[in-house]
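This report describes the fold, the core and several individual residues of one protein chain. The sequence and the structure come first.

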Amino acid sequence: MKIRTGFVSNSSCSSFICPICQESYFIMDGDPTSNTHDLCLCKNGHGFCQNHIIATEEVILEQKRKELKNYPEYDIPELDNLTIKELKKLFSLGKDGWEIKDKRLYLFNHKFFSDMPTELCPICSFHSVLKSDIIRYMLKVHDVQYVIEEIKERFSSYEEFIRFLGEEENED
Ligand SMILES: [Zn+2]
Ligand SMILES: [Zn+2]
């Protein structure tokens with residue numbers, strides 16, 4: 001069975017499939033940010049598992065500092081002058097391993113991973129190129145009519161063509 005990538009709606013609880021690794025998650029109302037423990041959403045709308053973020057701890061901390069300034073509800077004095085060590089302490093997590101210990105930063109992690117800077121997104125930074133984007137690219141640069149002719153020439157029937165496509169898909 002073909003697994004759809006992205007949002008598969010089914011009443012209020014639905015599943016989200018990471019477009020990078022195909023891992024499936026339960027989310028609410030088709031919104032991957034309802035599960036920011038595991039998932040994140042970048043500012044360009046790419047949803048994926050948090051473990052695909054490719055950045056050093058220091059880079060993530062600096063991005064959090066930058067984002068923190070965009071939220072007027074959080075008022076952290078001298079934010080610009082905090083050292084990396086102080087930032088690490090500021091954003092350190094409580095016992096549940098998710099919520100930030102510092103009560104002034106209530107829900108900050110949720111907001112951060114729901115609207116993450118594109119610098120931390122593997123898709124926006126070209127670490128991963130989505131199959132759907134590759135297909136869009138191929139359709140843009142190739143003469144579709146020519147491809148259609150090639151398909152007709154190469155395969156004697158639709159069944160043979162589909163069988164070939166199925167084999168290709170299983171390769172990854
Ligand atoms: Zn993933
Ligand atoms: Zn992105």
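Two strands are taken to pair if DSSP finds at least two bridges between them. The model discussed here is predicted. In it, strand S2 (residues 13-17) and strand S3 (residues 24-28) run antiparallel and are joined by 5 bridges. Within this pair, Ser14 stands opposite Ile27 of S3. The two strands form a hairpin, with 6 residues between S2 and S3. In the turn of that hairpin, Gln22 has a positive phi of about 70 degrees.

**Overall architecture**

The protein contains 6 helices and 5 strands. Read from the N terminus, the order of elements is β-β-β-β-β-α-α-α-α-α-α.

The radius of gyration is 21 Å, where a compact globule of 172 residues would have one near 16 Å. The C-alpha trace spans about 70 × 35 × 25 Å along its principal axes. Of the 172 residues, 15% count as buried. Among the contacts with a separation of 6 or more, 45% are between residues 24 or more positions apart.

The protein is divided into domain 1, residues 57-115, and domain 2, residues 142-169. The centres of domain 1 and domain 2, taken over C-alpha atoms, are separated by 51 Å.

**The nonpolar core**

The largest nonpolar core has 17 residues, and the members that touch the most others are Cys40, Phe48, Met116 and Cys121. Strand S4 (39-41) and helix H3 (108-114) each supply at least two residues of this core. H3 gives the most, with 3 residues.

What does Met116 touch, not counting residues up to four places away in sequence? The partners of Met116 are Cys40, Leu41, Cys42, Lys43 and Cys121. Two of these partners, Cys40 and Cys121, are also among the core members with the most contacts to other members.

**Selected residues**

Three residues are set side by side below, each with its C-alpha separation from a residue elsewhere in the chain.

| Residue | Paired residue | Separation in sequence | C-alpha distance |
|---|---|---|---|
| Phe91 | Arg65 | 26 residues | 9.3 Å |
| Pro117 | Lys69 | 48 residues | 13 Å |
| Tyr25 | Glu160 | 135 residues | 34 Å |

Phe91 is found in the loop between H2 and H3. Is Phe91 buried or exposed? Phe91 counts as buried because it has 20 C-beta neighbours inside 10 Å, and the cut-off for a buried residue is 20 or more. Leaving aside neighbours within four places in sequence, Phe91 is in contact with Leu61, Lys64 and Ile100.

Pro117 lies in the loop between H3 and helix H4 (131-141). Pro117 has 19 C-beta neighbours inside 10 Å and therefore counts as partly exposed. Not counting residues up to four places away in sequence, Pro117 touches Lys43, Gln63 and Glu67. Lys43 also appears among the residues touched by Met116.

Tyr25 belongs to strand S3, the strand that pairs with S2 in the hairpin. Tyr25 counts as partly exposed, because 17 C-beta neighbours lie inside 10 Å. With neighbours within four places in sequence left aside, the contacts of Tyr25 are Ser15, Phe16, Asn35, Asp38 and Leu39.

**Positive phi values**

Most residues other than glycine have a negative phi. Besides Gln22 in the hairpin turn, which has a positive phi of about 70 degrees, Glu78 and Leu107 have positive values. For Glu78, phi is near 60 degrees. Glu78 is found in the loop between helix H1 (57-68) and helix H2 (84-90). With 7 C-beta neighbours inside 10 Å, Glu78 counts as exposed, since the cut-off for an exposed residue is 12 or fewer.

For Leu107, phi is near 65 degrees. Leu107 is found in the loop between H2 and H3, which is also where Phe91 is found. Leu107 counts as partly exposed, because 14 C-beta neighbours lie inside 10 Å.

Notes:
Residues are numbered from 1 along each chain as its sequence is written. Chains are lettered from A and ligands numbered from 1 in the order in which they are written. This is a predicted model: local features need pLDDT of at least 70, side-chain atom pairs count only at pLDDT 80 or more; totals for chains, interfaces and linings use all residues. A nonpolar core is a set of buried Ala, Val, Leu, Ile, Met, Phe, Trp, Tyr and Cys residues joined through C-beta atoms within 7 Å. Helices (H or I, at least four residues) and strands (E, at least two) are DSSP runs, numbered from the N terminus. Two residues are in contact if their C-beta atoms, placed from the backbone, lie within 7 Å. The radius of gyration is taken over C-alpha atoms; the globule rule is 2.2 Å times the number of residues to the power 0.38. Domain bounds come from an automatic or database domain assignment.
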